[in-house]
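Visitor: Could you walk me through this model, starting with the cysteines?
Guide: Gladly, have a look at it here.

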Amino acid sequence: MKNRPPITDRRLYLLLSAGAIIAGSLLLSTFNGGGEIPLFCSESISDEFFPSTTTPLQLDAILHYATSQVVPQQSLEEITVSFDVLQSISPCNFLVFGLGHDSLMWASFNPLGKTLFLEEDPTWVRSVLKTAPDLNAVTVNYRTKQADAFELLNWYQSEPECAPSKSYIRGNTQCKLAITGLPDHVYDQEWDMIMIDAPRGYFDEAPGRMGAIYTAAVMARNRKKSGVTHVFLHDVNRKTEKAYGEEFLCRRNLKKSVGRLWHFEIPPAANVTDQNAKFC
């Protein structure tokens, strides 16, 4: 999801086109009128073709993906899994770890809901928002390094403030896996869907996704509203993502696996008072 050089090979360009079709399908699904759209603009097009439920963000997304050669990192099959869930629960509260080439797409899939992106690089945030000012993004300061991933996985089990019985993120400075320092509204909001496709985790000095996975698990377990929290974890072909997904999001909650994407449905946790209890 992070900024990368343009990808121009034909196969991925076709995926880009397919992504534009997906975005377009959401727009077209809002059309209520019958008949054909005029070929020329000699007559004004009525609201029957562009109803009020179509947002400028959706139109921006379609234009962007129809004219860009930079494609989202996820495959069409992976995107479709999340798209299907969004269609069933939108408008919803959607939290996305990472701001990138697919952000307009995700926001356009949830046009009347709240979509918020968490990004590690403030320079990249400013760059993206210059071209897509309607996106909502917050800069995150991660306290972990990818090189420490498996040491942290062992360490957290002996840190009481990381235990499921504590289960809090805001102000939890003792637990290195908790993402602290975010604006209050991020913690106060109950998120119906969480996408973890960042931060970077492919070199030792990168933050890794350990904190994102732990934080998503705690947020989902603390849900007060009815229903489950949908959590999507990308790049599960990598050791860290797979290990942390199994440790905190739990195999029993795994709903679907497509390509490098896992989809979990996490129910609210019952009252956990046992200090030795595990997440899974």
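What follows is a short round of questions on disulfides, burial and one helix.

Visitor: What is the handedness of the disulfide of Cys162 and Cys175?
Guide: Keep in mind that this is a predicted model. The sulfur atoms of Cys162 and Cys175 are 2.1 Å apart, and the two form a disulfide. Both cysteines lie in the loop between helix 6 and helix 7, so the pair ties together parts 13 residues apart in sequence. The torsion about their S-S bond is about 110 degrees, so this disulfide is right-handed.

Visitor: And what is the handedness of the disulfide of Cys250 and Cys280?
Guide: Here the S to S distance is 2.0 Å for Cys250 and Cys280. Cys250 sits in the loop between helix 9 and strand 6, and Cys280 in the segment after strand 7, 30 residues apart. The torsion about the S-S bond of Cys250 and Cys280 is about -90 degrees, so the disulfide is left-handed.

Visitor: Is Cys280 buried, partly exposed or exposed?
Guide: Buried means under 20% relative accessible area and exposed over 50%, with partly exposed in between. Its partner Cys250, at 2%, counts as buried. Cys280 has 36% relative accessibility, so Cys280 counts as partly exposed.

Visitor: How far apart are the end C-alpha atoms of helix 8?
Guide: Helix 8 covers residues 210-221, and twelve of its twelve residues are buried. At 1.5 Å a residue, these twelve residues should span 16 Å. The distance in the model agrees with that: the end C-alpha atoms are 17 Å apart.

Conventions:
Residues are numbered from 1 along each chain as its sequence is written. This is a predicted model: local features need pLDDT of at least 70, side-chain atom pairs count only at pLDDT 80 or more; totals for chains, interfaces and linings use all residues. Side-chain values use heavy atoms; hydrogens and water are left out. Helices (H or I, at least four residues) and strands (E, at least two) are DSSP runs, numbered from the N terminus. The expected span of a helix is 1.5 Å times one less than its number of residues. Buried means under 20% relative accessible area, exposed over 50%, partly exposed in between (1.4 Å probe, protein chains only). A disulfide is a pair of cysteine sulfur atoms within 2.5 Å.
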